[in-house]
Amino acid sequence: MSFLGQTLAIAAKDLRSEVRSKETVNASLSFALVILLLFSFAFDPDSDQVREIAGGLLWLVFAFAGTLILNRSFARELVNDCLDALIASPVSGAQLFLGKCLANYALLMIVECISLPIFAIFYNVRLPQRLALLFLVMLLGTWGLTVIGTLFSAMTVNLRLRELMLPTLVYPLLIPALMGAIQLSTVLIAGDTLGEQNLFWFRLLVAFDVIFTILSLGLVEIVLVG
Amino acid sequence: MSPQNYTFMFYGFTVAWLIVIGYVISIALREKKLRAELDRVKRMVEEREGEVKK
Amino acid sequence: MRLKIILALATLSALLLSWDLYRIFLQVPDEASQGAIFRIIYFHVPAAITSFAGFYVAMFSSIGYLIRKDLRLDAAAAAINEVSLAFATITLVTGSIWGRVIWGIWWTWDPRLTSFFVCWLIYVGYFMLRRAIDDPTARARMSAVLSIFACVDIVLVWKSIEWFRTQHPGPVLEIRGGGGMAPGMEAPLWWNLLALLMLSTALILIRMRQEAMQREIDSMRRFAHAF
């Protein structure tokens with residue numbers, strides 16, 4: 001099988017198992033709803049303030065809910081030594097990693113696409129005409145989140161405090177991507193035009209995605225196998 | 001020079017030095033602990049070797 | 001032999017620091033707008049440079065470990081990162097105090113301080129990771145990968161926070177009060193940097209010796225249990 005074929009097979013396996021059980025997506029969505037609820041207590045949801053921090057709120061929800069999905073990614077392989085079996089199989093570390101990234105990406109995008117309209121309803125935010133651009137920002141930002149999250153999921157899979165270590169390690173590293181996504185989302189949701197200044201954030205997001213995808217693909221073999 | 005500025009400057013320098021000294025002390029304590037552990041393990045090895053020889 | 005080097009470095013740095021303190025307090029005049037607190041720069045900046053340089057040297061040591069699989073390189077990386085983390089803490093605390101005097105608040109989201117805080121968080125995570133892994137080889141591997149990720153990421157963090165601050169102007173800790181320092185004032189900064197670099201090297205060498213001791217303990221314990 002080709003590189004892509006094996007990668008897609010891994011991705012399909014993860015997605016199939018998730019579609020059958022639906023446990024991770026449900027947990028993630030519930031968590032997203034809870035966070036949206038909690039934020040509503042932090043400040044008055046009707047005020048104009050929301051427009052200013054809409055992007056930040058949205059991506060905090062995505063980041064927190066996403067961690068649940070990313071944590072499960074390699075953790076689900078621990079049962080019955082599945083992880084050892086996968087590592088021993090002819091599938092290379094990079095293929096295993098990329099396959100899981102694609103699956104996680106799909107799951108994350110599903111959760112985000114459901115959370116976005118709910119967010120708009122809860123916080124009385126009119127979603128912009130340029131929804132396509134917002135969607136592009138979500139695509140770029142989520143990939144950055146996925147790549148780093150999946151790699152560190154592999155790194156922390158055998159640790160006792162896995163659920164604690166993953167967010168602790170991942171969030172500081174994600175700051176450039178989150179900043180870019182937040183800035184762009186805030187501008188887009190507010191309906192302003194994307195000026196020269198904001199193109200920097202697009203470039204940053206793309207650079208972040210490219211750099212860390214390459215770095216992860218290069219180093220994942222070391223993390224998984226040694 | 002305003003006296004307030006002076007106070008803070010001394011706080012600043014003091015804190016910086018305290019952190020350095022604190023770190024050096026933590027290193028020294030670790031050294032003591034490691035030496036004790038090393039001696040303990042050495043003794044344990046000697047004991048075991050002694051038992052085996054019997 | 002090693003011990004002599006460590007002792008020499010430590011003494012030299014202590015002497016240099018004392019001489020610098022003398023110069024800083026008694027010879028350098030006050031900076032026009034900031035007054036006395038300005039002198040904190042003579043520790044804040046060298047500490048920042050020392051820790052930053054340390055993180056990057058540690059990254060090369062980590063890469064060296066991945067290539068050669070020599071645990072001493074991992075020990076070096078861990079030691080360097082630990083000392084750098086200590087100096088990063090000093091940078092943050094002195095920066096915070098500086099901000100307190102200039103802006104009246106204990107913390108300020110000045111781009112350099114913010115980037116440093118992110119850096120600090122990442123390396124705290126580094127040591128949490130090391131503590132969580134028992135097997136030395138796995139620990140070395142994972143730390144090395146994290147170190148590489150961290151150093152690549154820090155560049156992006158720096159750039160993004162800087163850009164954020166140009167879009168949303170906020171507090172900036174002034175290093176060069178009004179375009180360049182007078183020549184007499186700049187020298188202690190570089191001497192202090194040299195002193196801190198020597199001090200950190202001494203501390204790193206001590207830590208590396210401790211790591212070697214730990215390895216010896218581990219191997220002896222394994223030997224003892226083999227009976």
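Chain C has 6 helices and 0 strands, where helices (H or I, at least four residues) and strands (E, at least two) are DSSP runs, numbered from the N terminus. The model is predicted: local features need pLDDT of at least 70, side-chain atom pairs count only at pLDDT 80 or more, and totals for chains, interfaces and linings use all residues. Residues are numbered from 1 along each chain as its sequence is written, with chains lettered from A and ligands numbered from 1 in the order in which they are written.

**Exercise 1. Work out how chain C is built and how far to trust it**.

Step 1: read the elements from the N terminus on, and you get α-α-α-α-α-α.

Step 2: check the confidence. pLDDT is the predictor's confidence in each residue, from 0 to 100. Chain C averages 83, and 85% of its residues reach 70 or more. The model as a whole scores ipTM 0.91 and pTM 0.89.

Step 3: look at the packing. Of the 227 residues of chain C, 45% count as buried (20 or more other C-beta atoms within 10 Å of a residue's own; exposed means 12 or fewer, partly exposed in between; C-beta atoms are placed from the backbone).

Step 4: ask how contacts reach along the chain. Two residues are in contact if their C-beta atoms, placed from the backbone, lie within 7 Å. Among contacts in chain C between residues at least 6 apart in sequence, 80% join residues at least 24 apart.

**Exercise 2. Check the length and the surroundings of H3(C)**.

Step 1: the expected span is 1.5 Å times one less than the number of residues. For the 33 residues of H3(C) that gives 48 Å, and the end C-alpha atoms sit 46 Å apart, which agrees.

Step 2: count the burial. In H3(C), 27 of the 33 residues are buried, so the helix is largely enclosed by the rest of the structure.

Step 3: see what comes next. Gly104(C) follows H3(C), with a positive phi near 85 degrees.

**Exercise 3. Describe chain B: compact globule or more spread out?**

Step 1: take the secondary structure, which comes to 1 helix and 0 strands.

Step 2: compare radii of gyration, taken over C-alpha atoms, with the globule rule of 2.2 Å times the number of residues to the power 0.38. Chain B comes out at 23 Å, well over the 10 Å that the rule gives for 54 residues, so chain B is more spread out than a compact globule.

Step 3: box it. Along the principal axes, the C-alpha atoms of chain B fill roughly 80 × 5 × 5 Å. Buried residues make up 9% of its 54 residues.

**Exercise 4. Which of the 2 pairs of chains in contact share the most contacts?**

Step 1: chains B and C share the most, with 26 residues of chain B in contact with 29 residues of chain C.

Step 2: for the other combinations, 23 residues of chain A are in contact with 24 of chain C. Helix H7 (162–190) and helix H8 (196–224) of chain A each supply at least two residues of that side of chain A. Chain A and chain B do not touch; their nearest C-alpha atoms are 24 Å apart.

**Exercise 5. Explain where Val25(A) sits**.

Step 1: find its element, helix H2 (residues 23–42) of chain A.

Step 2: count neighbours. Val25(A) has 20 other C-beta atoms within 10 Å, so Val25(A) is buried.

Step 3: list partners. Leaving aside neighbours within four places in sequence, Val25(A) is in contact with Glu18(A), Leu107(A), Ile110(A) and Val111(A).
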